[in-house]
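Visitor: Please take a close look at a single residue of this model and at the strand that holds it, and then go on from there to other parts that can be described with similar care. I would like one connected account rather than a list.

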Amino acid sequence: MDCVAAAAIPTAVDVDDALSSGVVVNGRKLAAQQRLAAAAAAIRTPVKAPPLAASSSAGGPARGLGGPPGGPPPLAPVIDGAAAGLADGTHHPDCGGDADGTGTAAGTTGTPAVEGGGAPAISAATAAAAVAARARGSQRVTAPRSRLASRLVFNASDPTVKKEILSIIIQYLRDEGFASASASIASHAGVKAAMAAATQADIRRMRGAILDGDWATVESLCGSEVFKTLKPFHYAVGRQQYLELIDGHEYQKAFALLTKRLKPLESYRFRMDEFRDLCYLLTCKSVTDACSFRDWNGVAAYRERLVEQFAHLLTVDPADEEEGAGGPVGGDAALEHQVSSSRYQPAVPPRIGSILSEYECFVVPNVQRHAMVGHTGNVKCTVFVGDEGLELASGSSDNTVALWETYSGARIGELTGHTSRVWDVAASRNGGMLASASGDGTVRLWNRGGGDGSTGGSVPCGSPREPEGVLCHAEKVGDAPSGDAGRGGMFYFKSALLGHRGDVYAVQLHPNGRHVVTAGYDKTVRLFDVETNQEIRSFRGHNSSVATIAFKPNSNVVFTGSKDSTIKCWDMTSGRCTKTFSSHLGEVTSVDVNGAGTSMLSSSKDNSNRLWDLRLGKPLRRFKGHQNTSKNFIRSAFGPNESLVVGGSEDGLLYIWDVDTSCVVQTLGPCSGAVYAAKWNPYQSLLASCGHDGIVRTWWYDDNPSGAGKGRFPSGGSVIV
């Protein structure tokens with residue numbers, strides 16, 4: 001199977017250049033720009049990496065500097081001419097994997113892994129090109145994203161709010177064809193501006209649909225209040241569509257249109273003999289054979305002629321346009337706000353599927369954003385704090401949990417108290433609580449603001465009494481870096497959960513925030529109450545250590561992966577195991593569940609990551625190319641739009657796979673040692689990774705095509721110490 005040999009990866013955009021190059025930060029205040037400028041001043045000048053070595057004359061693909069021998073070449077998220085360098089038929093091991101469900105070693109030749117047959121094999125070049133096409137055209141917005149919903153109060157009685165809600169309802173009814181209901185609501189509610197804006201929108205859409213030949217849209221708009229009673233216009237539109245069908249020799253469709261639509265409107269014809277000539281055209285080879293249409297000069301010209309003929313209907317009155325000025329209204333305004341507040345701006349207007357969910361522009365990370373240095377041991381895990389991901393927490397073999405600001409990469413404090421390495425860290429969805437699992441047999445809970453919002457007289461990082469550059473210890477972390485009181489103050493030690501005998505490898509906070517599940521070396525899974533710190537229930541059934549935990553969204557179901565090569569599904573209410581998944585041939589190192597709760601992703605030391613259908617209980621895909629065979633916990637997770645999979649590897653690379661084809665579409669690195677885990681945050685559109693080198697890294701998509709950095713390890717970004 002052919003795969004892409006190498007592709008250029010652009011360098012990171014310097015922050016100062018991003019501000020001075022005319023990039024517009026939509027909806028951001030001056031304070032955000034000032035904060036960005038201050039952060040830019042602290043970033044060191046990036047050191048450019050040497051260019052990627054050229055392909056050898058022997059026909060082998062070009063390899064990135066520092067990459068492992070025989071390792072996979074990088075695939076940039078935007079690929080022009082993806083098939084370049086494939087004439088030699090070189091096989092790419094990253095797309096390999098037999099489809100028989102066995103976990104063969106990395107580098108084995110074969111087709112993209114599809115569990116149990118299914119979709120046909122596809123080349124990595126095709127898969128990468130398809131993913132690149134989805135990611136192409138995104139422009140990064142430099143300002144960080146901050147969610148305010150939890151700190152705002154919705155005033156439903158406010159007249160402006162009521163008017164906006166009515167505008168959304170009126171627009172929706174109008175777009176769905178309920179013109180009478182829309183007009184009735186607008187009349188009773190007195191929302192004239194919304195009706196005027198909707199009328200202007202309908203006129204513009206009708207004009208564009210006629211010129212584009214979008215007759216389905218034209219027919220739909222003909223039922224709106226603007227055009228509903230204009231029978232001569234209906235006849236002219238139907239006649240244009242009929243002539244186009246005759247010109248394309250589609251006589252059956254033309255006959256149906258003539259009898260169903262034009263015959264009832266015959267009285268609105270423009271010439272006496274015109275309808276007779278329309279019937280005569282059914283026997284002709286050309287439109288010009290009929291006397292009434294000798295002036296036919298093509299489809300496009302006749303469409304423009306139709307628009308000119310009804311210019312008085314298809315032109316917006318300047319006075320009305322000025323009255324309705326001020327931007328989109330109703331649902332359009334809500335959708336525009338979604339897109340404008342996203343970190344990435346799409347080059348082509350997207351189709352939005354929800355006005356209540358955050359818009360996420362599809363991107364494939366290709367450049368390192370920050371390298372955060374501070375741990376003195378390898379970093380076992382990293383997690384975004386809360387759904388909005390304004391902070392990162394990382395657990396290390398130095399027995400500490402470090403806190404980092406996502407936006408600047410600055411270290412803002414650390415949590416101490418564990419007496420052995422920290423295997424796992426979990427955060428609540430609102431970012432108010434952290435949980436850390438350690439080799440000392442305990443799970444420690446940390447509350448922001450001490451749980452009651454008090455500071456307890458402690459000295460925060462950066463206070464006048466704290467020496468400059470000294471990180472906070474004594475189990476607390478410094479003030480929120482942005483100074484935003486809504487994000488709380490410091491994290492304080494709340495309690496330690498006891499009960500495990502041996503290392504605790506995994507911890508997860510339930511989405512309800514009231515329970516925590518732990519697992520470890522003693523083969524047990526334990527459920528604790530966060531408020532009382534009491535063990536509620538234990539789950540027993542694994543035959544070896546339990547390494548990973550994942551909750552199924554909106555349910556009381558939890559999945560656990562073990563060194564006994566199985567994944568078990570537990571009912572938290574009864575404590576019973578409801579299903580066991582046993583297709584892996586090696587220790588299970590991670591489990592992740594998608595947002596819909598329909599798919600599960602697992603990693604194993606059989607050198608594979610597997611995608612499972614939870615409804616059928618069967619594996620669908622196998623993702624290969626990485627290395628996961630030694631004693632390390634190599635973890636994977638769902639990536640951008642959950643259509644990509646991200647994961648670590650013992651070869652020092654961060655891998656990104658396409659879910660549909662199971663092919664590698666991007667590699668990031670190499671790093672100095674194994675990459676243990678990767679986490680994607682959709683709100684920030686950032687990828688975080690950690691590994692054996694003790695560095696926490698964030699990655700993003702760089703749309704700057706003029707970068708000088710080439711090869712696997714992109715130049716640019718910043719190193720934060």
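**A close look at Thr524**

Guide: Thr524 counts as buried, because its relative accessibility is 2%, a value computed, like everything that follows, from a predicted model. The residue belongs to strand E16, which covers residues 524-529. Two polar contacts involve its side chain: one, of 2.8 Å, is made with the side chain of Asp522, and another, of 3.2 Å, joins it to the side chain of Arg526. If the neighbours within four places in sequence are set aside, Thr524 is in contact with His500, Thr518, Ala519, Phe539, Arg540 and Val546.

One of these contacts, Val546, leads on to a sheet, since Thr524 touches this residue and strand E18 spans 546-551. The sheet is open and has 4 strands, in the order E18-E19-E20-E21, with antiparallel pairing. Its edge strands are E18 and E21 (577-581), each of which pairs on one side only. On average, and with direction ignored, neighbouring strands of this sheet are turned by 20° against each other. Between E18 and strand E19 (residues 557-562), which run antiparallel, there are 5 bridges, and across this pairing Ile549 stands opposite Thr560 in E19. Strands of a sheet pair through backbone hydrogen bonds, in either a parallel or an antiparallel sense.

Strand E7 (residues 401-405) offers another view of burial: 5 of its 5 residues are buried, so the strand is largely enclosed by the rest of the structure. Val401, Leu403 and Glu405 point one way from E7, while Ala402 and Trp404 point the other way, and all are buried. In a regular strand, side chains alternate between the two faces of the sheet.

E7 has a pairing with strand E6 (residues 391-396), where the two run antiparallel and are joined by 5 bridges, and in this pairing Ala402 of E7 is the bridge partner of Ser394. The hairpin of E6 and E7 has 4 residues between the strands, and in it Asn399 takes a positive phi near 75°. E7 also pairs with strand E8 (residues 411-415), again in the antiparallel sense, over 4 bridges. Ala402 takes part here as well, with Glu414 as its bridge partner in E8. In the hairpin of E7 and E8, with 5 residues between the strands, a positive phi near 80° is found at Gly409.

The cysteines can be treated with the same kind of care. The model has 0 disulfides when sulfur atoms must lie within 2.5 Å of each other. Cys690 is in no disulfide, and the nearest cysteine sulfur, that of Cys381, is 6.3 Å away. Cys690 counts as buried because its relative accessibility is 3%, and Cys663 is likewise buried, because its relative accessible area is 0%.

As a contrast to these buried residues, consider Gln252, which lies in helix H9 (residues 251-262). Gln252 is exposed, because its relative accessible area is 72%. In sequence Gln252 and Leu282 are 30 residues apart, whereas in space the distance from C-alpha to C-alpha is 8.9 Å.

To return to the starting point, Thr524 is buried at 2% relative accessibility, and its side chain has polar contacts with those of Asp522 and Arg526.

How values were computed: Residues numbered from 1 in each chain as written. Predicted model: local features only at pLDDT ≥ 70, side-chain atom pairs only at ≥ 80, totals over all residues. Heavy atoms only, no water. Pairing = 2+ DSSP bridges. Axes fitted to C-alpha atoms, helices over the stretch in contact; angles between N-to-C directions. Buried < 20%, exposed > 50% of the residue type's maximum accessible area, 1.4 Å probe, protein only. Polar contact = N/O pair within 3.5 Å; in protein donor to acceptor, adjacent residues only side chain to side chain. Contact = heavy atoms within 4.5 Å.
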